[in-house]
Amino acid sequence: MSGVQQLATLSLFLALACASSARSGSTRAVVRDESSTTPLACEPEESGEDGECPIAFFQLRTARAPLVGADDASPRRGKAYDVIIIGGGLVGSVVAAELAERLPGRRVLLLEAGRRSQAVLGGTEKPASWKGREWEIWRGFERSNLTRYDVPGNYASLNCWDGACPESWGNLVPAYQCKMLGGCGVMNGALMQQPHREMFSTWPEGWRAADFEPYIEAATNMLHVTPTPSKNGDHYLGNAGSDFVRTALLHAGYKVEKSMLMPAAGTMGTPQVSAKDGVRRSTAGLLLPTALRRRNFEMTLETEVKEILHRNGSAIGVLASSAGGAQQEITLSPDGIVVSSAGALNTPRLLLASGITGGSNVGHDVSDHTLHALVYKVLPTANPMALSGASEGIKFGPPPPNTVVQYLSTKSGPLAQFGPTFVAFMRAPFTEGPPDVYDVEVFVSPSDTPQEAHVRVVLMRPSCSHGELRLGDDGKLELSGPVYADCQRDKDTINWAIDELDHWLGKSGARRISKSPAYGMNHWV
């Protein structure tokens, strides 16, 4: 499950902050990728009083998102680029588009390992479900130009956790990662949440929560963040478990909030997602089509960067491999920069494969959010009002024909709804911090069986669970260490939350019938 994209959202805010600084000229800091120590030079008319570019740039080493493009032409041999961006997604598409716009005299190249995705990006793959080794195409979409990356309801059956689909990195990395134009920004649950202000308390002056407010507003408006993604503005699938959990937690004293964009402990409500008129929105789909019309911007798909080439501490280019296996060295101009936005796991893999260790810090102390999947059976003896909140079951792989017709004709109905339909935020009584800081997120995905509630419990503030990444002799990234609630404090926190749910859902007439082992949300940092 992709669940809440808090850190991806934070990365987007950072990217917009940098891009907006470029517009205003208020920031002239150039923060380079670890592989480069040379600042990007500007044309005389572009530079500020200090001679540096009037842009703010930042290292995307742990960016978890994807990037976009639509030009499949290979980079021209012998041509040098001023900016080479590795990976296209939530952050990479913002950086690529903004740099192409703000530096018209500089050559910007985006290299994406995946294929086309959304229709606006040239994608053509019809809505489908991954069936363990192959895609099962949904009937009814034959005449629609919408792809599986456009339809919100396709999310539930889109990710291939077995790693066997072309949109996965297979066993090169220790967890599922999206290999697709737009990355996980076109494949995840599209939930958008602003990180708690406390996260910024130790950041430098100028980078605190208040400083990000205008950029948060810009990101929210651009992505059309809304709790009701359908065209008619209605919310669907509440009776597939989420309304039952909502009623139970009301009795526990949780407060319903209209907007969950900035959640706090003790609150609950409908998730905010990125969609408009029943169609998913992404930074790639919104920004890259314009970038691709610029003469100084190029993008190549199905091109995997194997190595960042460097000499004397500065990047000089990259070694890339095409889908057919042919390799090519792509040259960086003497004053150029390489930006790695390949994901929280693939960027460390690339850096390590390039001999860039950052003083042994690359791959050190990584963490993910621990998750348990719970299933509750709502008993027939439950209060009729509560029972109605789990009266439906919906199957998305494939969906019923009437659901497809409703979506295609109105862009509404269950297929206009992303998977998680309810979120709540819990605070354990024994943890530290401000009272509104939450430890655990609870979200409900639509059940495929009537009288069941499918609940996910996620540890959002791990205190001692982390791991280490290293590159194996075979080129695969290996993970070691206690990543998933493997210390007593984190176990106590997530077990407390499960006990709370058992108690309050039990009082409303439900019994937990299953609990998964601890696994990860793929929220790597």
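In this predicted model, a convenient place to start is L319, which stands opposite E329 in β13. The wider setting of this pair is the junction of strand β12 (residues 314-322) and strand β13 (residues 327-340), where five bridges join the two strands and the run is antiparallel. Helix α6 (residues 346-353) packs on the sheet here, touching β1 (80-86), β11 and β13. The direction of α6 makes about 45° with that of β11.

Stepping back to the sheet as a whole, six strands make up an open arrangement in the order β10-β2-β1-β13-β12-β11, and the pairing is mixed. The edges are taken by β10 (297-300) and β11 (303-311); each has a single partner strand, so one side of each is left without a neighbour in the sheet. On average, and with direction ignored, neighbouring strands of this sheet are turned by 35° against each other. As background, strands of a sheet pair through backbone hydrogen bonds, either parallel or antiparallel.

Attention now turns to helix α3. This helix covers residues 209-223, and at 1.5 Å a residue its 15 residues should span 21 Å; the end C-alpha atoms lie 20 Å apart, which agrees. The helix nevertheless contains a kink of about 30°, centred on Y215. Y215 is also one of the buried residues of α3, a list that further includes A209, F212, I216, A219, T220, M222 and L223. Just after the helix comes H224, with a positive phi near 55°.

A further local feature is found at E257, in the loop between β6 (255-256) and β7 (267-269). E257 is partly exposed, with a relative accessible area of 28%, a value that falls between the 20% limit for buried and the 50% limit for exposed. Although E257 and G269 are 12 residues apart in sequence, their C-alpha atoms are 5.5 Å apart in space. Once neighbours within four places in sequence are left aside, E257 is in contact with T267, M268 and G269.

To place these details in the whole chain, there are nine helices and 21 strands. Of the 525 residues, 58% count as buried. Among contacts in the chain with a separation of 6 or more, 75% come from residues 24 or more positions apart. The chain exposes about 20,600 Å², and carbon and sulfur atoms supply 49% of that area.

Key: Residues are numbered from 1 along each chain as its sequence is written. This is a predicted model: local features need pLDDT of at least 70, side-chain atom pairs count only at pLDDT 80 or more; totals for chains, interfaces and linings use all residues. Side-chain values use heavy atoms; hydrogens and water are left out. Two strands pair if DSSP finds at least two bridges between them. Helices (H or I, at least four residues) and strands (E, at least two) are DSSP runs, numbered from the N terminus. Axes are lines fitted to C-alpha atoms, for helices over the stretch in contact, and angles run from 0 to 180 degrees between N-to-C directions. Contact means heavy atoms within 4.5 Å. Buried means under 20% relative accessible area, exposed over 50%, partly exposed in between (1.4 Å probe, protein chains only). Accessible areas come from the Shrake-Rupley method with a 1.4 Å probe; for residues, only the protein chains shown count as cover. The expected span of a helix is 1.5 Å times one less than its number of residues. The bend at a residue is the angle between axes fitted to the seven residues ending there and the seven starting there.
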